[in-house]
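Good morning, and thank you for coming. Please look at the sequence and the structure on the screen, and I shall take you through the main parts in turn.

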Amino acid sequence: MSCPICNEKNYDKIFRLCDNMKILGESFPETEAYIVSCKNCGLVYMDTKATQGDFLSYYKYGAIAPKYHEMFGKDKTEHYYDHILRVIQPYITGESKLLDVAGAWGELAKFLSDKGFSNITVVDPNEACASEATERGLEVSLCTSLDMAAKLTEKYDFIILNHVLEHFLDIQGSMENINLLLKDDGFMFIEIPDAASYINVDSAPFNFLTYEHVLHLTSNDLKNIANIYGYEVIQINGYYKKVSSYPSVYAILRKNKQINNPEYSDIGKVNMKLYVEKSKRVMEQFVKPLRTSAEPLVLWGIGASTAILLESFTGCNVLALIDSNPKRQGLAFNIDGKKYVINKPETVKNGTIVILSIPYHTSIEKQIRGMNLKNKIIALV
């Protein structure tokens, strides 16, 4: 596929991401996907035969957006939202019309509204998210980044894209909608995971390569988006705050309609290669004793963030793949040239259970013990 930012068709392959994108949903192709880097601008992105429509379907019907207050608690979440407010406050007033794109449950929008910026609209494609945001007293439109210009009748002074751009396979379509909705000389806040800093964070192997993230962006990519779509960069800063040690970079862009060519940088490519190699080493340290012992393994928790780990178990005595999500059961993956189909938890009998999911480790272990399974359990924690 072409580069989502500059539309260049030439790229370098970095890493084979997976052999079956159907883990995200029935509409996805049962084909391989790769992490690649654009030879023209340097963007690191997922080369896949899946479309933006496939991903939109996933966010409408399959994915459940995390709730920051539940994941991190009230204090950490509001400390993070305070950071966003401090960044955007010089560019807005109490009368400004704000648009929060893919604003999910309306947590950030509600925070800003309570701080006096109540003229805010949330856009999200998921009915459950939109419904809860409405219950918070917010103005909500059930639509996507690709059809919001047709659904909304106003123009906005300020548009927020907070950790959503990395999910947009169709940057051009999304930016065209944003340009139609943003007033002349209006401002935009973008915050993204910083792919240039993945290597600097001690986290689970391949943690940042969840299949939900189709772009792996750096500050240079934000500058190129500004260049291509007619924006002036007011500020760009990297930091490790968010609500944990998550590496992020944020930018304030101002609409000016001046179009410039993208500038190439290999910072994303270089650091992605380092991150992949680091993740491989960590996984090898975990898997090597299991390979040596040849103990039978049951790999439990196969999802958008963990299917990437399956190939690391090459050479191991894998008995089965298990996931409790019925939509994933029946999907097939290859390990060591052998085909494995994801089965129901009820099929587990023998074998050491390896819990692959870190965020859901506790709930999965509780489920296992609730089934009265006495199997040995190990986990990537």
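I begin with strand β2, residues 33-38: 6 of its 6 residues are buried, so the strand is largely enclosed by the rest of the structure. Please bear in mind throughout that this is a predicted model. For that reasoning you need the cut-off: a residue is called buried when its relative accessible area is under 20%. In a regular strand the side chains alternate between the two faces of the sheet. In β2, Ala33, Ile35 and Ser37 point one way, while Tyr34, Val36 and Cys38 point the other way, and all are buried.

Which strands does β2 pair with? One is β1, residues 11-18, joined to β2 by 6 bridges in an antiparallel arrangement. There, Tyr11 stands opposite Cys38 of β2. Another is β3, residues 44-47, which also runs antiparallel to β2, with 4 bridges between them. Within this pair, Ile35 has Met46 of β3 as its bridge partner. The hairpin of β2 and β3 has 5 residues between the strands, and Gly42 takes a positive phi near 95° there.

Let us now step back to the whole chain. It contains 9 helices and 17 strands. Its radius of gyration is 21 Å, close to the 21 Å that the globule rule gives for 381 residues, so the chain is as compact as a globular protein of that length. Along the principal axes, the C-alpha trace spans about 65 × 45 × 35 Å. Buried residues make up 56% of the 381 residues. Of the contacts with a separation of 6 or more, 68% are between residues 24 or more positions apart.

I turn next to an open sheet of 7 strands, whose order is β6-β5-β4-β7-β8-β11-β10, with mixed pairing. Its edge strands are β6 (139-142) and β10 (231-239), each of which pairs on one side only. From one strand to the next, the twist averages 15°. Within this sheet, β8 (residues 182-193) and β11 (residues 248-255) pair in the antiparallel sense over 7 bridges. Phe187 has Arg254 in β11 as its bridge partner.

Which helices lie on these strands? Helix α2, residues 68-88, lies across β7, β8, β10 and β11, at about 145° to β8. Helix α6 packs on the sheet as well, touching β4, β7, β8, β10 and β11, and its direction makes about 140° with that of β8. The buried residues of α6 (residues 171-181) include Ile171, Met175, Ile178 and Leu181. At the N-terminal end of α6, Asp170 acts as a cap, with a side-chain oxygen 3.4 Å from the backbone nitrogen of Gln172.

Finally, there is an open sheet of 6 strands in the order β14-β15-β13-β12-β16-β17, again with mixed pairing. At its edges stand β14 (332-335) and β17 (377-379), each with a single partner strand, so one side of each is left without a neighbour in the sheet. Neighbouring strands here are turned by 30° against each other on average, direction ignored. Strands β13 (residues 318-322) and β15 (residues 338-343) run parallel and are joined by 2 bridges. Leu321 has Ile342 in β15 as its bridge partner.

Helix α8, residues 267-293, lies across β12, β16 and β17, running at about 150° to β17. Helix α9, residues 361-370, lies across β12, β16 and β17 too, running at about 155° to β16.

Thank you for your attention.

How values were computed
Residues numbered from 1 in each chain as written. Predicted model: local features only at pLDDT ≥ 70, side-chain atom pairs only at ≥ 80, totals over all residues. Heavy atoms only, no water. Pairing = 2+ DSSP bridges. Axes fitted to C-alpha atoms, helices over the stretch in contact; angles between N-to-C directions. Contact = heavy atoms within 4.5 Å. Buried < 20%, exposed > 50% of the residue type's maximum accessible area, 1.4 Å probe, protein only. Rg over C-alpha atoms; globule rule 2.2 N^0.38 Å. Polar contact = N/O pair within 3.5 Å; in protein donor to acceptor, adjacent residues only side chain to side chain.
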